[in-house]
Amino acid sequence: MHESLLSWQRFRYLYIALALAGASIVLYITQSGNTAQPPNGGTWQGYTLGTVGALLILWLSLLGIRKRQYSSNVGSVQSWASAHVYLGIALLVVATLHCAAQFGWNVHTLAYVLMCLVIGTGIYGLYVYLHLPRAMARNHAGRDVNSWMKELGDVDDGIRDAAGNVDADLQAMVLSALDLTRLGGGVFAQIFAQDRCRVQTGSGVISNQGQQALIDELSRRIPDARVVREAETLNELMALFGRRQVILNLLRKDVQYRALLKIWLYFHVPLTMALLVALTIHIIVVFLYW
Amino acid sequence: MAESYHIAIIGAGPAGLSAAGRAAHHDKESGASNPTYVLLEGFSTFAKTIQKYQKGKHVMDTPGFLDLRSPVPFVAGTREAILDGWQNSIDTDGINIRYNSEVTAIEGERGNFSIKTSSGETISAEHVIMSIGTQGNPRTLGVPGDAESDFVLYTLDDPEEFQKETIVVVGAGDAAIENAIALAEYNKVYIVNRRNEFSRAKDGNLNAVLAAINDKSRDFHCFYETNIGGLELPDAPGAAGAIILNTATGEERVECHRIIARLGTLPPRKFVESCGIEISSPSADAVPDVDNEYMSNVPGLYVIGALGGYPLIKQAMNQGYDVVEYIHGNHVEPVDTPILKKKFQGLPIKMPTPEEVLSLYQSKIPMFRRMNPLAFRELIIESRILVGLEPGEFDRTPADDDEHATVFIKDGEPVYQHGEYSTSFYTLVEGEVRMQLDEDGAWHDIKPGQFFGEMSLISGRPRQGSAIAERDCILIETPRRIMVKLMNSNEEVRAGIDRVFIIRALQSAFKPNLSLAEMAEIADNVESCQFKPGEAIFREGEEGDALHLIRSGTVTLSRGKEQLVVAKRHSGEIVGQMALMGSPMRRDTATAAVRAETLKVRRPEFLKMANSQPDTVEKLQDGLSTLLRQTNSMASQPESSRAIGFLMDQGLGEATNALVIDEALCVGCDNCEKACAETHGGISRLRREEGASFASLHVPIVCRHCELPHCMKDCPPDALRRSPTGEVFISDTCIGCGNCETNCPYDAIKLSYQPKPKPSLFSWLFFGRGSGPGEPDSFTPTDASKNSGKKAVKCDACMNLAGGPACVRACPTGAAVRLGPEQFIELVEAR
Ligand SMILES: Cc1cc2nc3c(=O)[nH]c(=O)nc-3n(C[C@H](O)[C@H](O)[C@H](O)COP(=O)(O)OP(=O)(O)OC[C@H]3O[C@@H](n4cnc5c(N)ncnc54)[C@H](O)[C@@H]3O)c2cc1C
Ligand code: HEM
Ligand code: SF4
Ligand code: SF4
């Protein structure tokens with residue numbers, strides 16, 4: 001019922017892509033009989049492969065538009081995406097055969113390299129699309145993010161309450177740990193799930209990665225506690241910070257997954273734009289110097 | 001001596017105001033020196049219901065086809081403009097209105113009623129018009145000085161209006177908690193609870209109020225087990241007063257600026273019944289029975305407006321006018337007469353007045369014969385009249401597009417077809433109709449005076465079998481909403497429909513070879529049962545001697561310690577047949593997944609039907625074997641059965657079309673939500689991320705197009721509709737009252753302004769204009785959209801898009817699918 005974009009319609013576009021790649025190879029081989037002109041983009045076979053490649057690139061780029069034409073009836077976005085990934089990979093074969101692996105420091109090779117980058121980012125994107133959702137769902141442990149956020153809020157409320165019963169130093173430290181908690185942040189912090197939580201101590205602001213600084217401080221103090229009630233409060237705080245650590249890690253992972261699912265498109269799409277420009281120049285140049 | 005009037009009108013809503021206006025007109029004509037009528041209003045000003053609408057609300061004057069007949073003005077406009085108009089009318093006509101006069105008792109009879117008010121007055125009147133609406137009155141604090149004032153409020157529109165005050169909130173329900181928490185942002189708040197816990201509140205509110213009480217940094221305090229002892233009203237407006245509390249530990253005086261009491265409302269029913277007016281059905285939306293002139297069973301006591309079952313302002317006002325005319329002995333032609341004429345204009349035989357047609361038809365239909373004529377008239381106004389023509393004549397007759405015109409159908413063509421989602425009810429007045437009970441079932445003849453279509457009416461499921469207009473038919477097609485209202489207030493109609501339903505349901509399920517008389521006898525011995533969601537019908541391990549034929553809703557069968565769901569059955573299907581065909585021991589527990597109704601068939605009746613038709617037993621046994629194989633396979637896959645259990649817990653047992661997202665495929669791109677917004681005027685009806693998940697199945701917040709949609713229940717203009725293909729949608733007659741939003745248990749409806757149209761996709765892609773596809777995070781409505789007001793919006797399953805649901809078609813990874821109930825098992829087993 002739920003079908004992945006790879007197996008969509010029983011791998012229809014996989015077979016089409018294989019056929020396309022196969023046909024391209026056959027076409028390429030037919031050039032080899034000719035000793036006067038070795039395989040290159042200028043033979044009729046080369047032109048055919050080039051035209052197919054250029055049209056493919058145009059069509060692959062159109063996904064960005066089709067994806068946003070919400071009342072369109074031209075296939076579903078899933079079928080477009082399925083065709084996109086298979087034909088996108090087949091394009092590598094088509095284009096490589098088109099240029100017969102003749103590279104140099106020129107605009108033609110630039111177009112080829114850009115294409116490879118687009119395809120490369122695309123393959124990476126496909127990889128994250130196929131793997132991260134499951135990991136993300138598993139990370140949520142059957143709850144939704146809001147409910148985790150809510151639990152975090154409840155834990156923090158509990159910490160604030162308990163902090164009312166400890167000495168002023170520790171209270172300041174505990175409250176500063178709440179204030180200096182960071183989730184998300186810049187692109188790097190998101191992608192690498194960096195924990196940049198800090199805490200204010202008597203000797204200045206230090207890192208509170210994994211809430212560890214605080215947990216350490218609490219564990220140091222517990223044996224020193226003079227009254228039972230104090231020990232109880234410290235233990236309670238420690239348990240709360242332990243839970244906090246778990247929830248923060250989970251949320252940080254969630255942010256990371258979300259970022260990874262998006263970030264590649266910030267390469268894939270601009271590179272596509274660049275590719276379209278380079279491709280246009282490539283075609284104009286070829287016809288001018290014919 | 002008590003004051004005495006010709007007419008006393010109770011309740012100054014639109015109905016009462018209009019009646020008073022008309023009575024004032026009569027006084028002027030007759031030159032009476034003192035008013036011969038009085039208008040008694042419980043609130044401190046007129047039209048409380050409308051005063052309580054949100055500020056600036058656009059009030060609609062639906063239904064458009066009805067003319068207004070009232071001395072008091074009313075056209076669509078803002079709440080303020082309408083109230084000003086009414087105030088003006090009260091002043092210029094010198095309406096004899098008395099505020100703060102809640103009527104608490106009416107005694108006596110025509111010519112000599114005695115009316116008591118809360119202010120201690122007794123007024124006598126020859127006739128009484130009751131127009132108190134259905135909103136009810138808030139329960140008051142019950143101590144002196146508790147009338148609504150600046151100091152004591154029974155509603156709270158805008159919590160931010162009050163700041164830096166001490167406020168006492170009385171009550172422990174959701175409204176009290178929500179108000180208290182909102183007020184605590186800027187004020188010191190006490191909440192007063194009569195009990196020692198907040199047991200009536202929703203979970204979310206319960207947690208919130210406990211957290212607020214325990215949060216020492218907040219000025220939020222609670223008195224448990226506390227009653228109100230008295231009030232000390234402030235000396236000057238704005239000054240502080242006090243409330244005296246009887247707490248568990250003694251009396252306490254709390255100084256405060258304001259008291260917000262949220263103690264619930266008292267529905268008007270009890271009061272109405274105490275006046276001697278009969279309401280024949282126990283159902284909550286039952287209305288009193290009145291005659292052609294709005295008179296109740298108490299002679300001289302009239303009921304009009306929302307209380308009489310007419311939920312719109314214009315209807316209420318028209319009735320106010322008419323009823324005063326009737327009391328004055330004038331026969332006025334009701335405003336809706338032209339509509340009736342339109343409905344009857346295509347009838348083969350013409351009659352001089354529509355009233356004659358009405359009484360002829362009513363006499364022809366046994367079930368409606370004893371209905372009160374006004375209710376029958378209303379039924380016809382709301383119904384379509386279908387007239388069958390032979391094909392040649394049909395082609396020659398031009399169709400009239402007017403929504404009230406007679407509808408022509410071709411002889412031999414279906415009235416409805418198998419599988420169609422329609423829930424209307426058909427009564428045959430003349431001619432002949434052929435009908436099946438199953439897709440391939442035998443044809444039954446329907447004769448004049450009989451009805452059909454009750455199966456879908458009751459179960460909400462698509463039509464089973466078709467119905468074909470044979471020749472010369474005249475049919476009344478009544479929408480479900482009207483039939484439900486009628487069944488809720490008229491026991492005879494309810495019983496009549498129920499009986500035929502039972503007979504036909506049994507015929508369809510068991511195909512017995514028995515005469516109608518024998519079937520009727522069996523039907524008498526079959527018990528109708530109702531179950532709340534989660535209620536058990538029978539339990540594993542019990543001995544049973546009956547089977548249940550489901551008539552509406554969905555039932556799950558579960559088994560074992562963990563109660564794993566092994567099957568789900570819906571209306572028209574049978575559960576518990578094993579007890580009659582094998583061993584009496586129940587092998588599973590049957591539970592209503594959503595509210596459900598069943599017919600309980602015991603052994604003797606079952607045997608009688610089964611023995612009359614040997615094929616049936618064989619078919620039932622086959623069905624049972626299939627079920628057993630199914631349950632067995634589910635029982636051996638605990639993961640699947642837990643997933644089905646989860647879907648049922650999410651209310652999908654009543655879904656006809658549900659969106660289920662596979663979390664293992666969803667990349668969170670929100671293209672589904674964007675697609676929804678872009679194809680539906682800029683507002684997404686789908687909230688992808690919200691909603692519950694289990695085993696990577698996610699049920700987002702969006703309409704599931706329920707079998708019997710809760711949202712359709714009290715929509716005044718009947719704006720919620722179901723298309724023949726099953727989609728539940730909102731037509732543009734919505735008045736934005738928000739009833740549907742409240743009634744949908746799945747949070748699938750919201751009220752929204754219309755956003756501005758956006759720049760095109762291309763100018764966003766290439767020039768970065770606008771916010772791009774999808775619903776903007778927030779937007780300021782234009783003045784035009786503010787003027788037309790918030791409207792209810794919900795998913796319509798893209799019924800107007802050729803390619804089907806945009807959300808599904810826009811999902812790049814195939815994570816979003818829409819499913820019918822028959823696909824759930826497949827869905828979880830495929831995993
Ligand atoms: C939020 C909302 C929006 C709506 N929008 C629209 C709309 O846009 N267009 C439309 O046509 N309809 C709309 N309606 C429906 C409309 O408000 C009602 O149909 C209409 O008010 C019914 O009029 P009524 O006179 O019968 O009763 P009400 O308007 O309810 O008036 C009853 C009056 O009786 C008084 N009363 C009650 N009990 C007593 C008593 N014991 N003694 C003395 N007085 C008493 C009340 O204080 C009140 O003033 C809306 C309803 C709601 C709730
Ligand atoms: C030259 C070749 C390619 C071009 C020009 C191209 C271009 C594009 C464009 C314009 C988009 C739309 C992005 C957006 O608007 O959100 C897109 C999306 C995508 N591409 Fe490519 N692409 C190419 C090759 C590939 C390849 C080889 C793969 C994978 C094997 C791939 C995988 C994807 C995926 C998974 C998406 C996201 C689909 C979605 O979320 O709707 N692409 N590509
Ligand atoms: S809006 Fe709510 S009640 Fe109405 S059909 Fe949809 S889910 Fe059911
Ligand atoms: S808000 Fe809902 S119930 Fe009210 S009129 Fe609109 S559709 Fe009907």
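Me: Which residues are the closest of those that surround ligand 2?
Reply: Happy to start there, keeping in mind that this is a predicted model. Ligand 2 lies between chains A and B, and 24 residues surround it. The closest are Lys67(A), Arg68(A), His84(A), Tyr129(A) and His268(A).

Me: Which polar side-chain atom lies 2.7 Å from a nitrogen atom of ligand 2?
Reply: Let's go through the polar contacts of the ligand. An oxygen atom of ligand 2 is 2.8 Å from an N or O atom in the side chain of Lys67(A), and for the side chain of Arg68(A) the distance from a ligand oxygen is 2.9 Å. The nitrogen atom at 2.7 Å has as its partner a polar side-chain atom of His268(A).

Me: Which element gives the largest share of the shell around ligand 2?
Reply: In chain A, the elements that give two or more residues to this shell are α2 (44-61), α3 (63-66), α4 (77-99), α5 and α11 (265-288). The largest share is six residues, and it comes from α5(A).

Me: How do the residues of the shell around ligand 2 divide by class?
Reply: Two of the closest residues are Lys67(A) and Arg68(A), and both make polar contacts with ligand oxygen atoms through their side chains. Across the shell, the residues divide into 15 nonpolar, seven polar and two charged.

Me: Now to ligand 1: which residue has a side-chain N or O atom 2.5 Å from an oxygen atom of this ligand?
Reply: Ligand 1 is surrounded by 34 residues, with Glu41(B), Thr49(B), Tyr53(B), Ala306(B) and Pro311(B) the closest. Two contacts go to backbone atoms: a polar one of Gly42(B) is 3.0 Å from a ligand nitrogen, and an N or O of Met60(B) lies 2.9 Å from a ligand oxygen. The side-chain contact at 2.5 Å belongs to Thr49(B).

Me: How large in volume is the largest cavity?
Reply: A search of the whole structure finds eleven cavities of 30 Å³ or more. For the second largest, the volume is about 210 Å³. For the largest, it is about 310 Å³.

Me: Which domains of chain B each give at least three residues to the lining of the largest cavity?
Reply: The lining has 18 residues, and those nearest the centre are Val287(B), Ala375(B), Lys485(B), Leu486(B) and Ser489(B). By class there are ten nonpolar, five polar and three charged residues. Two helices, α11 (373-382) and α14 (480-489) of chain B, each supply at least two residues. The domains are domain 1 (3-135 + 267-327) and domain 3 (337-489).

Me: Which element supplies the largest share of the lining of the second largest cavity?
Reply: This cavity, of about 210 Å³, has 16 lining residues, the closest to its centre being Met136(A), His140(A), Glu663(B), Arg688(B) and Glu689(B). Two or more residues come from each of α5 (107-140) of chain A and β36 (687-694) of chain B. The lining divides into six nonpolar, four polar and six charged residues. Its largest share, four residues, comes from α5(A).

Me: One on strands to finish: which residue in β8(B) is the bridge partner of Ile7(B)?
Reply: Strand β1 (residues 3-10) of chain B runs parallel to β8 (residues 122-130) of chain B, and seven bridges join them. β1(B) also pairs in the parallel sense with β2 (residues 37-40) of chain B over four bridges, where Ala8(B) stands opposite Val38(B). In β8(B), the partner of Ile7(B) is His127(B).

Terms used:
Residues numbered from 1 in each chain as written. Chains lettered and ligands numbered in written order. Predicted model: local features only at pLDDT ≥ 70, side-chain atom pairs only at ≥ 80, totals over all residues. Heavy atoms only, no water. 1 Å grid on protein atoms, 1.4 Å probe; cavity = no way out; pocket = protein on both sides within 12 Å on 5 of 7 lines; lining within 4 Å. Points joined across faces, edges and corners; volume = space filled by probe spheres on them. Nonpolar A, V, L, I, M, F, W, Y, C, P; charged D, E, K, R; others polar. Domains from an automatic or database assignment. Near = heavy atom within 4 Å. Polar contact = N/O pair within 3.5 Å; in protein donor to acceptor, adjacent residues only side chain to side chain. Pairing = 2+ DSSP bridges.
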